[in-house]
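This report describes a protein chain with two ligands, taking up in turn one helix, the ligand shells and the domains.

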Amino acid sequence: MATVDPPFSELLPAWVARQRWYTGKGTEPRLERTGGLRLHDPAGEVGIEVHLVRDVGGATPVLYQVPLTYRTTPLEGHEEALVATTDHSELGRRWVYDACHDPVGAAAILRAVTDELELAADGPPGHGRARGHRTGLLPALAVRGSRVLRGEQSNTSIIFDTVDPDDGEERPVILKVFRVLHPGRNPDVEVQQALALAGSTRVPRPVGDLLGQWPSADGGTQLTGHLALAQEFLPGAPDAWRVTLGALERGEDLAPRARALGEATAEVHATLAAVLPTAEPDDTARATALAGWRARYATACEHVPDLARRADRVSEVLEAGAAAWWPPLQRIHGDYHLGQVLDVPGRGWVLLDFEGEPLRPLAERTLPDLPQRDVAGMLRSFDYAAASVPSAGGEVAAGRAREAFLDGYAHISRNDPRDEPALLHALELDKALYEVTYEARNRPDWLPIPLGGVARILGA
Ligand SMILES: Nc1ncnc2c1ncn2[C@@H]1O[C@H](COP(=O)(O)OP(=O)(O)O)[C@@H](O)[C@H]1O
Ligand SMILES: O=P(O)(O)O[C@H]1O[C@H](CO)[C@@H](O[C@H]2O[C@H](CO)[C@@H](O)[C@H](O)[C@H]2O)[C@H](O)[C@H]1O
């Protein structure tokens, strides 16, 4: 049997540990190969494989998707994407690249989606398979080139220069390769497609997705989950975070745009309530939510032990939220903040990334939830923006934007979130506590922002 030297078991862990999407920061992963998929280069030159590797080094195993390409010569200008060089016992020296950065690898993944391909395991059967699915909402497009999106991201997104062969129009596409895999339908795929198929223009038009299958940790069952999602790319559209920071820096009035954002949010909530399952907020739902809020407070205390001093006040706020009037539960965005909406010329606010909070288990993220949770997320985000801009009037302007956002929401929705202040308060506190944990793990320099929010909500 052919061998590679050094083998992947030696070269992958150190590389995975350096990636933005690696969740076990500060420790080297202990990777076990769970399976893999073979993709095809039409020119027959580049080897393409998706490695499915499970990190068993931490408290909970995490499954990662690692698409790689194998080349016989280095790919010029892609030094940063080189994973390693290795010697194949039969084929000789191989340059191994992160396939998302290699145009041949990237195009092969997109083709699996658009051509609805069936991908087989790159080893024994039962060690991985996948099937592409196209929504038909966009025409078939010809790929001219690709690049990986720069910036902070939990996954890896690839932007393709694509043109419509019928009219020669440029219609770029963005493919999100999910790095951490979960069994179950990914809410980003499910919710976005449901909105688009219902005719909503508040989400980018989805091209399609890639659904994979891999063996469970004990090898006893086959698990199914999404590997990638492709959608229309909206170029030149700034996100609301940039729009807000710019407006705060220049001292501009944010209220009209914040109001329009509130209206767009309520519109999306109304469509989601109409096309996806809803649930009654019974005692079990309330008890489950309260237990979740308390657990998130406990986790935040592990990162910032000083927070434990406020236990009584935290309980008071959370319990009041659980006892308030609740609307029917429904599907929501789940991790709503200013970075998740784009200001698209001629179209208005467009919502992205319905995957939910990356720190919550997927099973929780797909359940009907309180629409006010999204409202609270966006209110927290205006607070973040004010704290990030060193301008004297920032806090007042952000406060006005928060009110305008709520006005816009209440104008469209039957439920004005301000009618139940105890619930909104509890949800803002819960979000701020989530942010404490998120920042402690990912961006410790930002920790003072959610801590300031917690203090304010608790009435420090
Ligand atoms: N369809 C799109 N059009 C334009 N920009 C997009 C699109 N989808 C994503 N982006 C950009 O990519 C960023 C990351 O995408 P996102 O779906 O939030 O990824 P992740 O879940 O990995 O954080 C967004 O904040 C946005 O700036
Ligand atoms: O966009 P993601 O799904 O990866 O969300 C995670 O990262 C966000 C930061 O990029 C984080 O958002 C927090 O910081 C934002 C400013 O960068 C701020 O606008 C948000 O209000 C704040 O929550 C998000 O919580 C996290 O899940």
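Helices (H or I, at least four residues) and strands (E, at least two) are taken here as DSSP runs, numbered from the N terminus. The model is a predicted one, in which local features need pLDDT of at least 70 and side-chain atom pairs count only at pLDDT 80 or more, whereas totals for chains, interfaces and linings use all residues. Residues are numbered from 1 along each chain as its sequence is written, while chains are lettered from A and ligands numbered from 1 in the order in which they are written.

Just after helix α4, G251 adopts a positive phi of about 70°. Within α4 itself, which spans residues 240-250, the buried positions are A240, V243, T244, A247 and L248; a residue is called buried if 20 or more other C-beta atoms lie within 10 Å of its own, exposed if 12 or fewer, and partly exposed in between, with C-beta atoms placed from the backbone. Viewed down the axis of α4, these buried residues fall within an arc of 125°, so they line one face of the helix, the arc being that of the directions from the helix axis to the C-beta atoms. Their cover includes α5 (255-275), β15 (341-344), α9 (372-388) and α10 (394-412), where contact requires C-beta atoms, placed from the backbone, within 7 Å of each other.

For the ligand shells, a residue is near a molecule if its C-beta atom, placed from the backbone, lies within 6 Å of it. Ala, Val, Leu, Ile, Met, Phe, Trp, Tyr, Cys and Pro count as nonpolar, Asp, Glu, Lys and Arg as charged, and the others, Gly among them, as polar.

| Shell | Residues | Closest residues | Classes |
|---|---|---|---|
| Ligand 1 | 19 residues | Q153, N155, P204, L234 and D353 | eight nonpolar, six polar, five charged |
| Ligand 2 | 15 residues | S154, H337, L338, S381 and Y384 | five nonpolar, four polar, six charged |

Around ligand 1, β11 (173-177) and β14 (222-232) each supply at least two residues of the shell. Around ligand 2, the largest share of the shell, three residues, comes from α9.

The protein chain is divided into domain 1 (4-232) and domain 2 (240-458), with bounds that come from an automatic or database domain assignment. The C-alpha centres of the two domains lie 31 Å apart, and 18 residues of domain 1 are in contact with 23 residues of domain 2. On the side of domain 1 that touches domain 2 there are seven nonpolar, seven polar and four charged residues. The shell around ligand 1 draws at least three residues from each of these domains.

How values were computed:
Two residues are in contact if their C-beta atoms, placed from the backbone, lie within 7 Å.
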